[in-house]
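This report is for a reader who is new to the structure. Please look over the sequence and the model before going on.

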Amino acid sequence: MRTLLISALLAAPLAASAGPNLLQNGSFEDTAQANGTWSTYAAIPGWTANPAVEIRDNVAGTAKDGTNYAELDAYSNGSISQSFATIVGAAYDLSFWYSNRTNTAASTNGLSFNVGSGWLAAPLLPVNNSGNNQWSQGTYSFIANSTLTTLSFLGTGTSDSYGTSLDAVSVVAAVPEPSTYAMMLGGLGAVVFIGRRRRQP
């Protein structure tokens with residue numbers, strides 16, 4: 001009995017720890033975009049665009065991950081979205097990397113995201129005159145309220161066909177808080193204490 005209890009306590013945090021990316025094509029590499037080119041698409045693997053998304057390969061900057069990255073102001077400000085399976089009440093961590101387009105005004109750039117509970121604006125970034133992307137990480141933790149969650153990104157700067165770059169998007173199951181490990185160790189200690197007391201004459 002004690003062995004079973006210990007095994008269960010040790011397995012609990014392992015089952016809840018971070019796993020693989022729940023998104024398909026989070027780094028936009030599934031689109032065959034030639035080096036030094038860009039194209040606009042109504043849809044790309046894993047993502048639906050409204051009205052279009054621009055995929056770039058080493059144009060106006062390099063990617064954060066791989067060679068491709070996305071820009072949501074293709075012809076005009078647009079959005080991309082992807083739905084993925086979730087467990088109601090479970091915690092998830094969203095991560096994405098974004099950069100102001102080089103040599104553009106601050107007002108040209110802007111990015112918001114939504115995981116089913118309303119639009120949130122990514123923090124504004126400083127003007128980028130570096131000649132390349134200057135990637136910053138955005139993170140957000142959320143609790144799923146459905147078995148299917150939709151993640152969306154929206155370009156929010158001036159609608160002028162120049163906008164914020166997006167790359168390396170991921171959603172993973174959240175790593176347990178330190179309090180979870182504390183509870184596990186406390187429970188393990190209690191099991192050991194009870195076992196020792198039973199062995200005493």
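## Salt bridges

A salt bridge is counted here when a side-chain nitrogen of Lys or Arg lies within 4 Å of a carboxyl oxygen of Asp or Glu. The model is predicted. Three salt bridges turn up when the whole structure is searched.

One of them is between R56 and E54, whose side chains meet with N and O at 2.5 Å. That value is within the cut-off of 4 Å. Both partners are buried: R56 has a relative accessibility of 4%, and E54 has a relative accessible area of 2%.

R56 also forms a salt bridge with E71, where the closest N and O atoms are 3.3 Å apart. E71 belongs to strand 3 (residues 68-71) and R56 to strand 2 (residues 47-57), so this pair ties together parts that are 15 residues apart in sequence. E71 counts as buried because its relative accessible area is 1%, and buried means under 20%.

## The network

E71 has another salt-bridge partner, R101, and their side chains meet at 3.0 Å, N to O. R101 sits in the loop between strand 5 (91-99) and strand 6 (111-114), while E71 is in strand 3, so the pair ties together parts that are 30 residues apart in sequence. R101 is buried as well, at 11% relative accessibility.

Which residues do the shared partners join into one network? They are E54, R56, E71 and R101, linked by salt bridges that have partners in common.

## Strand 3 and its neighbours

Strand 3 holds N68, Y69, A70 and E71, and all are buried. N68 and A70 point one way from the strand, whereas Y69 and E71 point the other way.

Strand 3 is joined to strand 2 by four bridges, and the two strands run antiparallel. In this pairing, R56 stands opposite Y69. Strand 3 is also joined to strand 10 (residues 165-173), by two bridges and again in an antiparallel arrangement. Here E71 stands opposite S165 of strand 10. R56 and E71 thus appear both in the salt bridges and in the strand pairings, R56 facing Y69 and E71 facing S165.

## Backbone features

Most residues other than glycine have a negative phi, and most peptide bonds are trans. The residues below depart from one or the other of these patterns.

What kind of peptide bond joins N50 and P51? The bond is cis, with omega at about -5°. P51 is part of strand 2, the strand that also contains R56.

F28 has a positive phi, near 60°, and is a residue other than glycine. F28 lies in the loop between helix 1 (2-16) and strand 1 (37-44). Is F28 buried or exposed? F28 is buried, with a relative accessible area of 0%.

A60, also a residue other than glycine, has a positive phi near 55°. A60 is in the loop between strand 2 and strand 3, the two strands that four bridges join. A60 is partly exposed, its relative accessible area being 27%. That figure falls between the limits of 20% for buried and 50% for exposed, so A60 belongs to neither of those classes.

Note on methods:
Residues numbered from 1 in each chain as written. Predicted model: local features only at pLDDT ≥ 70, side-chain atom pairs only at ≥ 80, totals over all residues. Heavy atoms only, no water. Buried < 20%, exposed > 50% of the residue type's maximum accessible area, 1.4 Å probe, protein only. Pairing = 2+ DSSP bridges.
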